[in-house]
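Colleague: I'm new to this one, so could you walk me through it? I'd like to hear the reasoning behind the labels as we go.

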Amino acid sequence: MNISPIERIERSIENFVEGTLSRLTGASLSPSQAVAQLARALGDGVRYTEDGKPFAPDRYALTLHPTDASDLLRSAPDLNEILAAELLQVARDCEYMVFREPVITIASDPTQAQQTLRVVAWHSTSPLAFTKAMERDAAAEEQDVPRGAYLIVDGERHFPLSRPVINIGRRLDNHLIIDDQRISRTHAQIRIRAGRFEIFDLNSSAGTRVNGRVVDHHILQPGDVIGLAESRLVYGEDPGGPPDETPVYAPPFPPRPAGDQKTYIIDRDKVEDEDEDE
């Protein structure tokens, strides 16, 4: 028997209802209601690339009455991060493409009835932009890597830029792993463009700075200081290789394939502020 795409998504989401969405009961909400809302938002938000590949939304807003939102943040402050990881797996199970890892925001709306949930999903980039990004990466792979380019990581060790595309973040499958909870799981990317290395911010939560200025992208020049949260990376070029004074970069933990682990950020600022007001 054929099932609809929405039903397929619902069945995938139901696999983690008992473990994760049951936390929604802390806000007097029905897990089954959450399943239906998330499935509908994900399914309705699917778009298609020029070659017909399904492209899942990567931004979600869960809107509740302020009382329910406050209860939910108190009982499960890490729920948005857990749901994001689960939705990413659901998208992969349904063979949808995802340009960036899902980000879920829990918001309050005083006009919304209590014990109800509204989910809105959207794309942080268009399928066309996604396709062009893939084409840029493919073109980068064909370019020669500039000799002697490197990063000095926090003034302590060097990281040679020996490949055309370098992913930076705290997730374990990045080329340059930064073990800092303020760094996004996929924070930034350095790739070759027109024969030069250029850094791109990947819609990170803390942003990317070059020489103190927030940037979406920037063509790197020797001496540029890249700021990722509290980490500092200095870009250099030397055909003879990076300076001997700094040891070679070693990741804080062994790299693993994407999806082989989960990392969570717990943001309790809003809840703590409410506790202080009380």
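**Reasons behind the labels**

Modeller: Let's start in a loop: Asp 154 sits between β6 and β7. Keep in mind that this is a predicted model.

Colleague: Why does Asp 154 count as partly exposed?

Modeller: Its relative accessibility is 36%. Buried would need a value under 20%, and exposed one over 50%. Asp 154 comes out in between, so partly exposed is the label. Its phi is also positive, near 55°, in a residue other than glycine.

Colleague: What about Glu 95: buried, partly exposed or exposed?

Modeller: Exposed, because its relative accessible area is 64% and the cut-off for that label is over 50%. Glu 95 is in the loop between α4 and β4. Its phi is positive too, about 60°, although the residue is not a glycine.

Colleague: And why is Asp 109 called buried?

Modeller: Its relative accessible area is 16%, and buried means under 20%, so the label fits. You'll find Asp 109 in the loop that runs between β4 (103-108) and β5 (118-122).

Colleague: What makes the pair Asp 109 and Thr 111 a polar contact?

Modeller: The two side chains come to 2.7 Å, and the limit for a polar contact is within 3.5 Å, between N or O atoms that can donate and accept a hydrogen. That pair therefore qualifies. Leaving aside neighbours within four places in sequence, Asp 109 also has contacts with Thr 63, Leu 64, His 65, Pro 66 and Arg 118.

Colleague: Which label does Gln 33 get, and why?

Modeller: Partly exposed, because 23% relative accessible area is neither under 20% nor over 50%. Gln 33 belongs to helix α2, residues 31-44.

Colleague: What does Gln 33 touch away from its neighbours in sequence?

Modeller: Not counting residues up to four places away, Gln 33 touches Gln 115, Thr 116 and Leu 117. Take Leu 117: in sequence it is 84 residues from Gln 33, yet the C-alpha atoms are 7.5 Å apart.

Colleague: How much of the chain's contact set links residues 24 or more positions apart?

Modeller: Among contacts with a separation of 6 or more, those pairs account for 64%. As for burial, 47% of the 278 residues in the chain are buried.

Colleague: How do you know that β6 and β7 pair?

Modeller: Pairing takes at least two bridges, and β6 (residues 149-153) and β7 have 4, in the antiparallel sense. So they count as paired. One bridge joins Tyr 150 to Pro 160 in β7.

Colleague: What makes β7 an edge strand?

Modeller: First, the sheet: 6 strands form an open, antiparallel sheet in the order β7-β6-β16-β15-β12-β13. The edge strands, β7 (157-160) and β13 (213-214), each pair on one side only. In all, the chain has 6 helices and 16 strands.

Colleague: Which residues have the most contacts inside the largest nonpolar core?

Modeller: Ile 9, Ile 13, Leu 42, Leu 62 and Tyr 96, in a core of 29 residues. Elements giving two or more residues to this core include α1 (5-14), α2 and β3 (59-64). There is a second, separate core of 23 residues, with Ala 149, Ile 183, Ala 188 and Ile 192 among them.

Colleague: Why would such residues sit together?

Modeller: In soluble globular proteins, nonpolar side chains tend to be buried together.

Terms used. Residues are numbered from 1 along each chain as its sequence is written. This is a predicted model: local features need pLDDT of at least 70, side-chain atom pairs count only at pLDDT 80 or more; totals for chains, interfaces and linings use all residues. Side-chain values use heavy atoms; hydrogens and water are left out. Buried means under 20% relative accessible area, exposed over 50%, partly exposed in between (1.4 Å probe, protein chains only). Contact means heavy atoms within 4.5 Å. A nonpolar core is a set of buried Ala, Val, Leu, Ile, Met, Phe, Trp, Tyr and Cys residues joined through side-chain atoms within 4.5 Å.
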